[in-house]
Amino acid sequence: VAGTGTVHGTPDTVNFGISVSTTRATAEQALYANDLRIAALQRVLKRHGVTRADMEPSGLSIYELTNPNGSPSSFTVNNTLNVTLHGVDNAGPAIEAAAKLARGAMSLTGISFSISNDSKLLAAARAKAIESARGAAAQIASAGNVSVGNIVSVTDHEFTSPAPPIYDKGFAVDAGLPAIIHTEAGSQAITVQVAVVYDRSS
């Protein structure tokens, strides 16, 4: 017999990526300048509560730009800083400070919210799912003039629905970023589906 239980919780963690782009005459200059920007960005975010362990550079790429004659003219380096911020209320100020620092050389990607410790919510959803399965089993047993016995086995699957970010579009126009002055995590649904096997009560 199948059963489903869903509970809702408030996310307390926000994850996002900040992509930094730098163009210089040589690849070495572009890499060096981009590294300086990433380091400055890390310092700003650290002042807004992000630990160094929660800032991970990734996705480094280098592009050669050419002039109309096909000769190399410059190089562009892109690097992404993946950020985990514990405390949703700090996300807006942190991203605003980063945008002001980058001055148009960055873009914001992949904002998502999560619950850092969802064990209690999972337990509550699982209990609801078992209760739902028990009710369904009782209905089936009643129709067959038998009684529901003990649980023989249970398998479950967990699902978490991401909470969409809410933007305030009046911010960071110069940086080319969506605004998040008032970042709201909303509500996140956690669902557990179970398949329960009961024996028949004598």
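**A tour from the sheet to the cores**

Begin by selecting β1 and strand β7 (residues 188-201), which pair in the antiparallel sense over eight bridges in what is a predicted model. To find a landmark along this pairing, pick T6, and you will see T191 of β7 standing opposite.

Next, add β6 to the selection, and the view becomes an open sheet of three strands in the order β1-β7-β6, with antiparallel pairing. The strands at its edges, each pairing on one side only, are β1 (2-9) and β6 (147-161). Looking across this sheet, you will find neighbouring strands turned against each other by 25° on average, with direction ignored.

Now show helix α3 (residues 119-143), which packs on the sheet and touches β1, β6 and β7; the direction of α3 makes about 150° with that of β1.

From here, turn to the interior. In soluble globular proteins, nonpolar side chains tend to be buried together. The largest nonpolar core has 21 residues, and the members to select in it are F16, I18 and L45, which touch the most other members. At least two residues of this core come from each of β2 (13-24), α1 (27-47), β4 (72-86), α2 (91-102) and β5 (106-114).

Which residues does L45 touch, if those up to four places away in sequence are not counted? Display the side chain of L45 with its surroundings, and the contacts to find are I18, V50, M55, L81, V83, A94 and A98. As a last stop, select V7, A125, V192 and Y198, which are among the 14 residues of another core, lying apart from the largest one.

Terms used:
Residues numbered from 1 in each chain as written. Predicted model: local features only at pLDDT ≥ 70, side-chain atom pairs only at ≥ 80, totals over all residues. Heavy atoms only, no water. Core = buried A, V, L, I, M, F, W, Y, C linked by side-chain atoms within 4.5 Å. Buried < 20%, exposed > 50% of the residue type's maximum accessible area, 1.4 Å probe, protein only. Helix = DSSP H or I, 4+ residues; strand = E, 2+ residues; numbered from the N terminus. Contact = heavy atoms within 4.5 Å. Pairing = 2+ DSSP bridges. Axes fitted to C-alpha atoms, helices over the stretch in contact; angles between N-to-C directions.
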